[in-house]
Amino acid sequence: DGEHTNLKYTNYSAVQELHRLGHEVGVFSITNEEDPKYWTEGNYDTWLGEMAGARLIVERFANITDGTVVGVRAPYLRVGGNEQFNMMTDQFFLYDSSITAPLGRVPI
């Protein structure tokens, strides 16, 4: 099971307990900026600050010290293209759960 955290209202002791029970924890961003262009046109440093910054906060306050926070989800499912994925590679994020696929008869 994956859990993505929104930092403003996060109960970090609950996140710590979910992690202890074996749930995967990912990050969602720091600001949750509403402007879609912030995400789709965001540069490397925007994505670095939002996602790597969110991971630092979650790791510190939920006391997750094993390096397993490796997933991201962009707010409003607004993927940031190469800028986002270059940052993810550099920061050892393994997946993005923002990417959606169209409905169809044949699974992708």
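## A salt bridge within helix α1

Arg20 and Glu17 both belong to helix α1, where they are 3 residues apart, about one turn of the helix. Their side chains form a salt bridge, with an N to O distance of 2.7 Å. The structure is a predicted model, and the count of salt bridges in it comes to 1.

The two partners fall into separate accessibility classes. Arg20 has a relative accessible area of 58% and is therefore exposed, the cut-off being over 50%. Glu17, with a relative accessible area of 34%, is partly exposed.

## Aromatic pairs

The structure holds 3 aromatic pairs. In one of them, the ring centres of Tyr12 and Phe61 are 5.6 Å apart and the planes stand at 45 degrees, so the pair is classed as tilted. Because Tyr12 lies in helix α1 and Phe61 in helix α3, this pair ties together parts that are 49 residues apart in sequence.

How do the two rings' residues stand in accessibility, buried or exposed? Tyr12 is buried, with a relative accessible area of 17%, whereas Phe61 is exposed, at 51%. Elsewhere, ring pairs link Tyr38, Trp39 and Trp47 into a cluster.

## The largest nonpolar core

In soluble globular proteins, nonpolar side chains tend to be buried together. Here the largest nonpolar core has 17 residues, and the members that touch the most others are Val27, Met51, Val58, Ile64 and Phe93. At least two residues of this core come from each of α1 (12–20), β2 (24–27), α3 (44–61) and α4 (81–90). Helix α3 supplies the largest share, 4 residues.

Ala54 also has its place in helix α3. Its relative accessible area is 1%, so Ala54 is buried, the limit being under 20%. The C-alpha atom of Ala54 is separated by 9.2 Å from that of Gly26, although the two residues are 28 residues apart along the chain.

## Asp96, a buried acidic residue

Asp96 is found in strand β4, which spans residues 95–96. Which side chain of opposite charge is nearest to Asp96, and how far away is it? That side chain is Arg73, at 7.5 Å; Asp96 is buried yet has no salt bridge. A salt bridge would need a side-chain nitrogen of Lys or Arg within 4 Å of a carboxyl oxygen, so the separation from Arg73 does not qualify.

The side chain of Asp96 nevertheless has polar partners. It makes a polar contact with the side chain of Gln84 at 2.7 Å, and another with the side chain of Ser98 at 2.5 Å. Leaving aside residues up to four places away in sequence, Asp96 touches Val72, Arg73, Ala74, Val79, Gln84, Phe85 and Met88. Gln84 thus appears both among these contacts and as a polar partner of Asp96.

## Ser29 in the loop after β2

Ser29 is located in the loop between β2 and α2 (36–40). With a relative accessibility of 2%, Ser29 counts as buried. A polar atom of the Ser29 side chain lies 2.9 Å from the backbone nitrogen of Asn32.

Notes
Residues numbered from 1 in each chain as written. Predicted model: local features only at pLDDT ≥ 70, side-chain atom pairs only at ≥ 80, totals over all residues. Heavy atoms only, no water. Core = buried A, V, L, I, M, F, W, Y, C linked by side-chain atoms within 4.5 Å. Buried < 20%, exposed > 50% of the residue type's maximum accessible area, 1.4 Å probe, protein only. Lys, Arg positive; Asp, Glu negative; His and termini not counted. Polar contact = N/O pair within 3.5 Å; in protein donor to acceptor, adjacent residues only side chain to side chain. Contact = heavy atoms within 4.5 Å. Phe/Tyr/Trp six-rings, centres within 6.5 Å; stacked < 30°, edge-to-face > 60°.
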